[in-house]
Amino acid sequence: AAASRVFAFRDARWAPDPVLEPSAAVRTPQPVPLVIDNGSFQTRAGWASPDPAVPAEPLLRFRSLAARSRGARGGAGAETQVGNDLGSPEPLRWLLRSPFDRNVPVQLELQELLLDHVFQRLGVASQGCVDHPIVLTEAVCNPLYSRQMMSELLFECYQVPKVSYGVDSLYSFYHNRRQNWPCSGLVISSGYQCTHILPVLEGRLDAKNCKRINLGGCQAAVYLQRLLQLKYPGHFAAITLSRMEEILHEHSYIAEDYIEELHKWRSPEYYENNMHKMQLPFSNKLLGSTLTSEEKQERRQQQLRRLQELNARRREEKLQLDQERLDRLLYVQELLEDGQMDQFHKALVELNMDSAEELQSYINKLSLSVEQTKQKILQAEVNIEVDVVDSKPETPDLDPLGSEQSLEDVESINEFEPLFAEEQPEVEKPVAAVQPVFNLAEYHQLFLGTERIRAPEIVFQPSLIGEDQAGIAETMQYVLERYPKEQQAILVQNVFLTGGNTMYPGLKSRVQKELLEMRPFQSSFQVHLASSPVLDAWYGARDWAVEYMTREEGWITRKDYEEKGGEYLKEHCASNVYVPIRLPKQAPRTAEALAPSRALASSAGNPCEQA
């Protein structure tokens, strides 16, 4: 049972997205819409077509990240990689960039890279433009400036014919509607950066009473990373954000009663039965205790050969530098012999010397140093040849380069003394006597106890990480109290959970428990979980695009963009509420206010009055 609870990290690498060849059904009889779920964690893209030949699922799924490499030495320029082309995020963690601030795209140059990646990998072959309609998700109550920049990017850069914006969680609500479902409900959407409480009345979003909690899966991963790094400081570098996300996705759960669950974890039996062990990668080669005397001797010979090559390379570099300096000094001395005194004195000033005697002293020292270095190089080459012809592994020569340079080699060898300290050629100890007193595999294990419930609990108790915010339960109660009791009863009949951060086991029962505590006695409510919390937003956007493909409702055309601006939005059942920019009206100018200006204008036209 104990062995079955040891889980290894997958550390899966992302496979690069292939360039797909779209079927003819996406072009004929007219270009079908392209659906893009533009999430802060992951971007999903695919076609919306009623034709069964077109897959009804997202063809691209990649992290919304980009990294620009610095370029290799030798002339290769910088290269930008997007999404799955990164392979793994950890080696490039400090180079990763995202176009999102929380869940709002603000870096449009990075957003352009993501869209380029989508259009290229989906095989959009139109020249100079993207002639497919675009269905794009946006944040709840998206700022007008962000929508304006996105519309400008789509219409000006890609020349799209029309675009439609919608809220991802409302698309998920739209996709999961059933025949007997009411059109009203309370949507709880928890994603990578934010958690939203969205009331929906008669099929439309009530934007005035929407609330946001600035907590999601990203903050839970960072909190779990800090907990485990404090618990295991010896494995600080191995506890990465990618591994923490894997723990959250596969080993964490929401406690129905957090305090009661913590009391359960105090029991040793409960701890042993529910604790998960995560195995970090490690190498047995670090022990070095199973090496035979021949292998140890071979390793020492390899170290000596590397030291000889290193010293030879250093001598050659030193010889080259000394020779260049000597040639420079000899050139200055020739100026003195030729009688060019002005140039000679200028050269002395550049060399920071005062007289010809000091110059001659430096020349003598450098000449002696160059000759000694040449002799050492020749002697080292001779000794290396002798070692190759007559090598004695039983008694290796510790001074193969002669007495003049042996001190340098001995100092370098002292750095590797721990590698050679265990060698005892005359007496071979048994292997069992030098085995470590601890299990190396167990040393590289992370024991997950209460961390399994503490990290995801922050969306209900933000105070765990020092955030001065309300949790899901308090925010849900606050939103409900803004409505009359009749509308409250309607909303709680359809509490809908969606978003990647709602996939924790036990979340649905926790929300039911919180509703039971806040609702009146013997009142009824229903909690539903999305069929696929991660992908339902894309599926809902596809359903909407197929249904409204030939209608004008919800689509912003290029004419609308040019006439009404980039912030313009055509509302539909899954969109935000459009609030146009209202510029303050200027007050009408009265006659008294116009009199001084008229007098100033008349004086400006009379040159005599100006004088």
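**Close-up 1. Val 163 stands opposite Ile 556 of strand β20 in this predicted model.** Around this residue pair, β11 (residues 162-167) and β20 are joined in the antiparallel sense over 2 bridges. Step back a little and you will find an open sheet of 6 strands, ordered β4-β3-β2-β10-β11-β20, with mixed pairing. β4 (60-63) and β20 (556-557) are the edge strands; each has a single partner, so one side of each lacks a neighbour in the sheet. Ile 556 also belongs to a core of 34 residues that includes Ala 66, Val 118 and Tyr 568.

**Close-up 2. Helix α18 lies across part of the sheet.** Follow residues 536-547 and you will see this helix cross β2 (34-38), β3 (42-47), β10 (134-138) and β11. Relative to β2, the helix runs at about 150°.

**Close-up 3. Phe 119 and Tyr 158 form an edge-to-face pair, one of 10 aromatic pairs found in the whole structure.** Their ring centres are 4.9 Å apart and the planes meet at 75°, so the pair is edge-to-face. Phe 119 sits in helix α1 (residues 108-121), while Tyr 158 belongs to the loop between α2 (144-157) and β11, so the pair ties together parts 39 residues apart in sequence. Are these two residues buried or exposed? Phe 119 counts as buried because its relative accessibility is 6%, and Tyr 158, at 7%, counts as buried too.

**Close-up 4. Trp 538 and Tyr 539 make another edge-to-face pair.** Here the ring centres lie 5.7 Å apart, with the planes at 75°. Both residues are buried. Elsewhere, ring pairs link Trp 265, Tyr 270 and Tyr 271 into a cluster.

**Close-up 5. Two arginines place their charged ends over aromatic rings.** For Arg 510, the ring is that of Phe 460, whose centre is 4.3 Å away. For Arg 551, the ring belongs to Tyr 548, with its centre at 4.5 Å.

**Close-up 6. Ile 188 is one of the best-connected members of the largest nonpolar core.** This core has 42 residues, and Ile 188, Leu 228, Ile 247, Leu 446, Val 511 and Leu 515 touch the most other members. Elements giving two or more residues to the core include β12 (185-190), α5 (241-251), β17 (445-448) and α17 (507-518). The largest share, 6 residues, comes from α4. Leaving aside residues up to four places away in sequence, Ile 188 touches, among others, Ile 197, Ile 472, Met 476, Phe 496, Leu 497 and Val 511.

Definitions and conventions. Residues are numbered from 1 along each chain as its sequence is written. This is a predicted model: local features need pLDDT of at least 70, side-chain atom pairs count only at pLDDT 80 or more; totals for chains, interfaces and linings use all residues. Side-chain values use heavy atoms; hydrogens and water are left out. A nonpolar core is a set of buried Ala, Val, Leu, Ile, Met, Phe, Trp, Tyr and Cys residues joined through side-chain atoms within 4.5 Å. Buried means under 20% relative accessible area, exposed over 50%, partly exposed in between (1.4 Å probe, protein chains only). Helices (H or I, at least four residues) and strands (E, at least two) are DSSP runs, numbered from the N terminus. Contact means heavy atoms within 4.5 Å. Two strands pair if DSSP finds at least two bridges between them. Axes are lines fitted to C-alpha atoms, for helices over the stretch in contact, and angles run from 0 to 180 degrees between N-to-C directions. Rings of Phe, Tyr and Trp (its six-membered ring) pair if their centres lie within 6.5 Å; planes under 30 degrees apart count as stacked, over 60 as edge-to-face and the rest as tilted. A charge sits over a ring if NZ of Lys or CZ of Arg is within 6 Å of the ring centre and within 35 degrees of the ring normal.
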